[in-house]
Amino acid sequence: MTHVVTEQCVHCKFAECITYCPVACFREAGTFLVIDPEECIDCGNCVEACPADAIYPEGELPPELEPALEWNARLALQLPLATTDVAPLADAEDWVGRPDKWQMLKGEEALRVDSP
């Protein structure tokens, strides 16, 4: 099992999760992070650390967020490793809790890869 970053990370990228992760499983896009399911050890530290409530254990993903599982797995292969010096986006607080962030990514240059 793995943990999954959901759309609530989009346009926030607070990155506390990286600091609390004991392994290098986070990958970084322009406006969000994903978890590499091959690297995640399922410790759960990132869930508590995320101020946007954007991370779930795989088995607890709400049905509407299930596409995030495939999205994390696919993008983790394409994105660079996230480091502990990732800063949250300047307007991150304004984006917390906004719905339908997946749709905002289509064609967005910050994505750097195809959206779900």
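Is Asn72 buried or exposed? Asn72 counts as buried, because its relative accessibility is just 2%. Keep in mind that this is a predicted model. The protein chain has 116 residues, and 49% of them are buried. Here's a quick tour, from the overall layout to the core, helix 3, the salt bridges and the cysteines.

**Overall layout**

- The protein chain comes out with five helices and four strands.
- Walk along the sequence and the order of these elements reads β-α-β-β-α-β-α-α-α.
- Take the contacts in the protein chain with a separation of 6 or more: 75% of them are between residues 24 or more positions apart.
- About 5900 Å² of the protein chain is exposed, and 50% of that comes from carbon and sulfur atoms.

**The nonpolar core**

- The largest nonpolar core holds 35 residues.
- If you want the members that touch the most others in this core, look at Ile18, Phe26, Phe32, Leu33, Ile35 and Ile55.
- Several elements each chip in at least two residues to this core: strand 1 (3-5), helix 1 (16-20), strand 3 (33-35), helix 3 (67-76) and helix 4 (92-95).
- Helix 3 gives the most to this core, putting in four residues.

**Helix 3 and Asn72**

- The buried residues of helix 3 are Ala68, Trp71, Asn72, Leu75 and Ala76.
- Look down the axis of helix 3 and these buried residues fall within an arc of 115°, so they line one face of the helix.
- Asn72, then, is a helix 3 residue, and it is buried along with Trp71 and Leu75, among others in that helix.
- What does Asn72 contact once you set aside its neighbours within four places in sequence? The list is Val4, Val5, Val34, Ile35 and Pro37.

**Val34, across from helix 3**

- Val34 sits in strand 3, and with a relative accessibility of 0% Val34 counts as buried.
- Skipping neighbours within four places in sequence, Val34 is in contact with several helix-3-numbered residues you've already met, including Trp71, Asn72, Leu75 and Ala76.
- The other contacts of Val34 outside that sequence window are Val5, Cys25, Phe26, Arg27 and Leu79.
- Val34 and Leu75 are 41 residues apart in sequence, yet their C-alpha atoms are 7.2 Å apart in space.

**Salt bridges**

- How many salt bridges are there? The count comes to three.
- One of them joins the side chains of Lys13 and Glu28, with N and O at 2.8 Å.
- That pair ties together distant parts of the chain, 15 residues apart: Lys13 is in the loop between strand 1 and helix 1, and Glu28 is in strand 2 (residues 26-28).
- Both Lys13 and Glu28 are buried.
- Asp36 pairs up with Arg27 in a salt bridge, and their closest N and O atoms are 3.2 Å apart.
- Asp36 and Arg27 are both buried too.
- Glu70 and Arg74 form a salt bridge as well, with 2.9 Å between the closest N and O atoms.
- Glu70 and Arg74 are four residues apart in helix 3, so about one helical turn separates them.
- Glu70 is partly exposed, at a relative accessible area of 44%, and Arg74 is also partly exposed, at 22% relative accessibility.

**Cysteines**

- How many disulfides does the model have? The count is zero.
- Why is Cys12 not bonded to Cys9? The Cys9 sulfur is the closest cysteine sulfur to that of Cys12, but at 6.8 Å it is too far for a bond.
- Cys12 is buried, with a relative accessible area of 1%.
- Cys21 is in no disulfide either, and its nearest cysteine sulfur, from Cys25, is 3.5 Å away. For a disulfide, the two sulfur atoms would have to be within 2.5 Å.
- Cys21 counts as buried, at 16% relative accessibility.

How values were computed:
Residues numbered from 1 in each chain as written. Predicted model: local features only at pLDDT ≥ 70, side-chain atom pairs only at ≥ 80, totals over all residues. Heavy atoms only, no water. Core = buried A, V, L, I, M, F, W, Y, C linked by side-chain atoms within 4.5 Å. Buried < 20%, exposed > 50% of the residue type's maximum accessible area, 1.4 Å probe, protein only. Contact = heavy atoms within 4.5 Å. Salt bridge = Lys/Arg side-chain N within 4 Å of Asp/Glu carboxyl O. Areas by Shrake-Rupley, 256 points an atom, 1.4 Å probe, with all protein chains shown as cover. Arc of directions from axis to C-beta.
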